[in-house]
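User: Could you take a close look at one part of this model for me and then place it in its wider setting? I would like to know how it is built, what surrounds it and what lies elsewhere in the chain.

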Amino acid sequence: MRIDVVTIFPGYLAPLREALLGRAIDAGLISVAVHDLRTWTHDVHQAVDDAPYGGGPGMVMRPQVWGEALDAVVGDVPSGEAPPRLIVPTPAGRPFTQAMAHEYAAESRLVFACGRYEGIDQRVIDDAATWMPVDEVSIGDYVLVGGEVAVLAIVEAVARLLPGVLGNPASAEQDSFSDGLLEGPAYTRPETWRGRAVPDVLRSGNHGAIARWRRDRALERTAARRPDLLAALPPTALDRADRAL
Ligand SMILES: COc1cccc(COC(=O)c2cn[nH]c2)c1
């Protein structure tokens with residue numbers, strides 16, 4: 001997978017080259033190119049933003065700069081080849097989910113546009129959408145200073161799903177959300193720690209009982225913390241034992 005990121009703070013994307021993702025890059029599973037948006041400014045101040053039409057606080061990122069940047073970074077899409085997907089992290093976006101991470105993991109190329117200030121001139125999105133799929137995506141209901149942190153989160157969630165990136169692919173299958181529920185509690189040695197013992201069932205070797213216990217804990221936690229996920233489950237997802245909980 002080829003990943004391009006356009007940002008005014010290239011240094012913010014340095015963590016992509018660390019650890020798991022760094023190894024995936026070294027293994028050639030992913031290529032990451034980070035581009036400084038100011039490359040496509042032509043004024044001495046390298047201005048990337050300007051005052052908003054209609055007034056109001058803050059600044060808006062200029063269309064000319066972004067237009068030239070995306071033209072250059074996306075380049076000419078060879079005929080017959082699918083264009084990359086442009087992802088724009090924004091508080092106003094569609095909520096990013098594990099299902100979307102799986103969708104993105106199937107793409108051969110992703111381009112990320114990191115917005116700042118009050119956002120990017122809408123015409124940049126509208127123009128880009130005439131020649132590539134554009135997703136405005138939110139990673140949560142809060143406002144960051146820029147999209148860079150969101151790109152780190154999205155790239156990590158997507159890259160870990162790529163074959164060969166995770167040492168143990170089974171853990172991606174048993175993710176939280178993979179069965180629509182939150183992951184329950186996990187334990188490792190020692191058996192007792194600060195007077196707290198590991199639940200006996202987990203040391204019983206009774207795999208049926210262990211699976212049941214884990215599912216019960218996941219259902220309890222999901223009901224307590226994310227009733228919306230429980231409500232969204234298809235009716236067939238809960239068996240009789242689940243309902244008895
Ligand atoms: C594109 O325009 C803007 C404007 C302001 C901030 C940002 C960065 O994204 C977020 O703040 C965010 C993403 N998901 N949840 C919060 C982008």
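Analyst: Happy to help: the answer below starts with one helix and its partner, then moves outward.

A word on the ground rules. This is a predicted model, in which local features need pLDDT of at least 70 and side-chain atom pairs count only at pLDDT 80 or more, while totals for chains, interfaces and linings use all residues. Residues are numbered from 1 along each chain as its sequence is written, and side-chain values use heavy atoms, with hydrogens and water left out.

The part I have picked is helix α5, residues 148-159. Helices (H or I, at least four residues) and strands (E, at least two) are DSSP runs numbered from the N terminus. The end C-alpha atoms of α5 are 16 Å apart, which agrees with the 16 Å that its twelve residues should span at 1.5 Å a residue; the expected span is 1.5 Å times one less than the number of residues.

How much of α5 is buried? Nine of its twelve residues are, so the helix is largely enclosed by the rest of the structure. Here buried means under 20% relative accessible area, exposed over 50%, and partly exposed in between, with a 1.4 Å probe and protein chains only. The buried residues are Glu148, Ala150, Val151, Leu152, Ile154, Val155, Ala157, Val158 and Ala159. Their cover includes the strands β1 (2-7), β5, β6 and β7 (134-138), together with the helices α1 and α3. Contact, throughout, means heavy atoms within 4.5 Å.

One of those neighbours deserves its own paragraph. Two packed helices are described by the angle between their axes and the distance between the axes. For α3 (residues 98-105) and α5, the angle is about 70° and the axes are 8 Å apart. The axes are lines fitted to C-alpha atoms, for helices over the stretch in contact, and angles run from 0 to 180 degrees between N-to-C directions. The two helices are therefore roughly perpendicular to each other, a label given to angles of 65 to 115 degrees (under 35 is roughly parallel, over 145 roughly antiparallel and the rest oblique). From α3 come Ala101, Tyr104 and Ala105, which meet Ile154, Ala157 and Val158 of α5. By class, this contact has six nonpolar, no polar and no charged residues; Ala, Val, Leu, Ile, Met, Phe, Trp, Tyr, Cys and Pro count as nonpolar, Asp, Glu, Lys and Arg as charged, and the others, Gly among them, as polar.

Tyr104 also leads to another of the covering elements. It is among the residues touched by arginine 85, along with Glu107, Arg109, Leu110, Val111, Pro133 and Asp135, not counting residues up to four places away in sequence. Arginine 85 is found in strand β5 (residues 85-95) and counts as buried at 17% relative accessibility.

Helix α1 (residues 19-26), another part of the cover, contains alanine 19. This alanine has a positive phi of about 45° although it is not a glycine, and with a relative accessible area of 52% it is exposed. A second non-glycine residue with positive phi is tyrosine 117, at about 60°. Tyrosine 117 lies in the loop between β6 (109-113) and α4 (122-128) and is partly exposed, with a relative accessible area of 37%.

Just before α5 in the chain, the loop between β7 and α5 holds aspartate 141. Aspartate 141 is exposed, at 81% relative accessible area. Its C-alpha atom is separated by 27 Å from that of leucine 162, 21 residues away along the chain.

Further along, a cis peptide bond joins arginine 189 and proline 190, with omega about 5°. Proline 190 has its place in the loop between α6 (169-173) and β8 (192-193).

A second helix to set beside α5 is α7 (residues 207-225), whose 19 residues should span 27 Å at 1.5 Å a residue; the end C-alpha atoms are 26 Å apart, which agrees. Its buried residues are Ile210, Trp213, Asp216, Arg217, Ala218, Leu219 and Thr222, and they pack against α8 (227-232) and α9 (240-244).

Finally, the whole protein. It has nine helices and nine strands, and its C-alpha trace spans about 70 × 45 × 45 Å along the principal axes. Of its 245 residues, 38% count as buried. Among contacts with a separation of 6 or more, 73% are between residues 24 or more positions apart.
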